[in-house]
Amino acid sequence: MAYATPEHMCLVLGRSIEEALALLLLDAATEAIEDEIGYSLDAVSNETVEVPGSHGRKLVLPARPVTALTAAVIVDEHGDETTLDVAPTASEVVWHASGEVFRPHGYDWGGPTAKVRVTYDHGLGEVPTWVRLLCISVAGRALDNPTGGVRQEAIGAYSVTYNETTIGVDLTDADRHRLRRRFRRTSGTAHVTGR
């Protein structure tokens, strides 16, 4: 779902835009934002992911902020499963909104040949206003310059300069910097196994 509505886009840009076009551009802008940070900011419940095990105590989940952790299972190279107690009062697993999950007391995550299957909730109840405005800004740039190709234009003795990219919906370097600073990616990979 797009991070802004066509009504908000019309209001912010101060003009009327066909709803279907606005939705398409806002969806594309939302995709660009999610591609940059590596996950959706929408609230998601009971998502199950599989992440590589390690000999370390820390595991990093792919989407943030984490709002609940309901299951963690270590699956070794033979397929044997060890279910961990993730209750808030338990001491086997400690998690943080940052997406970091720890095994205190010197325990690890089964080693590099293991997989860890985690079921958790993540995302924001409401996307921040600045992200909604960024979505509108990115969509608005695509509306004004649909090919994304014209970087500079002159009228007298006609002159035009094209960008190297021809993608219509794209983030600027400043957009990318702000998103990374707020929703910084951490290393790690995950495979989504169910929603």
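This report covers the fold, two helices, several strands, the salt bridges and one buried arginine of a predicted model.

## Overall fold

The protein has 4 helices and 10 strands. In sequence order these elements follow the pattern α-α-β-β-β-β-β-β-β-α-β-β-α-β. Of the 195 residues in the protein, 38% are buried. Among contacts with a separation of 6 or more, 72% are between residues 24 or more positions apart.

## Helix α2

Helix α2 comprises residues 19–37, a total of 19 residues. At 1.5 Å a residue the helix should span 27 Å, and its end C-alpha atoms are 27 Å apart, so the expected and modelled values agree. The helix is followed by Gly38, which has a positive phi, near 95 degrees.

The buried residues of α2 are Ala22, Leu25, Leu26, Ala29, Thr30, Ala32, Ile33, Glu34, Glu36 and Ile37. They pack against three other helices: α1 (6–13), α3 (129–144) and α4 (173–182). Two charged residues, Glu34 and Glu36, are thus included in the buried set.

## Salt bridges between α2 and α4

The structure holds 9 salt bridges. In one of them, the side chains of Arg176 and Glu36 meet at 3.4 Å, N to O. This pair links distant parts of the chain, with Arg176 in helix α4 and Glu36 in helix α2, 140 residues apart. Arg176 and Glu36 are both buried.

Glu36 also forms a salt bridge with Arg180, at 2.8 Å from N to O. Because Glu36 lies in helix α2 and Arg180 in helix α4, the pair ties together parts that are 144 residues apart in sequence. The two partners differ in burial class: Glu36 has a relative accessibility of 13% and counts as buried, whereas Arg180 is partly exposed, with a relative accessible area of 47%. Through shared partners, salt bridges join Glu36, Asp170, Asp173, Arg176 and Arg180 into one network.

## Salt bridge between α3 and the α1–α2 loop

A further salt bridge is formed by Asp144 and Arg15, whose closest N and O atoms are 2.6 Å apart. Asp144 is in helix α3 and Arg15 is in the loop between α1 and α2, so that distant parts of the chain, 129 residues apart, are linked. Asp144 counts as exposed, at 54% relative accessibility. Arg15 is partly exposed, with a relative accessible area of 35%.

## Strand β3 and its partners

Strand β3 (residues 66–75) has 10 residues, of which 7 are buried, so the strand is largely enclosed by the rest of the structure. It pairs with β7 in the antiparallel sense over 8 bridges. Within this pairing, Ala68 has Asp121 of β7 as its bridge partner.

β3 is also joined to strand β4 (residues 81–84), by 4 bridges and again in antiparallel fashion. Here Val75 has Glu81 of β4 as its bridge partner. The two strands form a hairpin with 5 residues between them, and Gly79 in the turn has a positive phi of about 90 degrees.

## The sheet β2-β6-β5

Three strands make up an open sheet with the order β2-β6-β5 and antiparallel pairing. β2 (58–60) and β5 (94–95) stand at the edges with a single partner strand each, so one side of each has no neighbour in the sheet. β2 and β6 run antiparallel and are joined by 3 bridges. Lys58 stands opposite Phe102 in β6.

Val60 is also placed in strand β2. It counts as buried, at 18% relative accessibility. Val60 and Phe102 are 42 residues apart in sequence, and their C-alpha atoms are 8.8 Å apart in space.

## Arg103

Arg103 is in the loop between β6 (100–102) and β7 (115–122). Which side chain of opposite charge is nearest to Arg103? It is that of Glu92, 4.0 Å away; Arg103 is buried yet has no salt bridge.

Backbone oxygens lie within reach of the Arg103 side chain. The side chain reaches the backbone oxygen of Glu92 at 3.3 Å, and one of its polar atoms is 2.8 Å from the backbone oxygen of Asp108. Leaving aside residues up to four places away in sequence, Arg103 touches Arg57, Ile74, Leu84, Glu92, Val93, Asp108 and Trp109.

Technical notes:
Residues are numbered from 1 along each chain as its sequence is written. This is a predicted model: local features need pLDDT of at least 70, side-chain atom pairs count only at pLDDT 80 or more; totals for chains, interfaces and linings use all residues. Side-chain values use heavy atoms; hydrogens and water are left out. Buried means under 20% relative accessible area, exposed over 50%, partly exposed in between (1.4 Å probe, protein chains only). Lys and Arg count as positive and Asp and Glu as negative; His and the chain ends are not counted. A polar contact is a pair of N or O atoms within 3.5 Å; within protein, one must be able to donate a hydrogen and the other to accept it, and residues adjacent in sequence count only if both atoms are side-chain atoms. Contact means heavy atoms within 4.5 Å. Two strands pair if DSSP finds at least two bridges between them. The expected span of a helix is 1.5 Å times one less than its number of residues.
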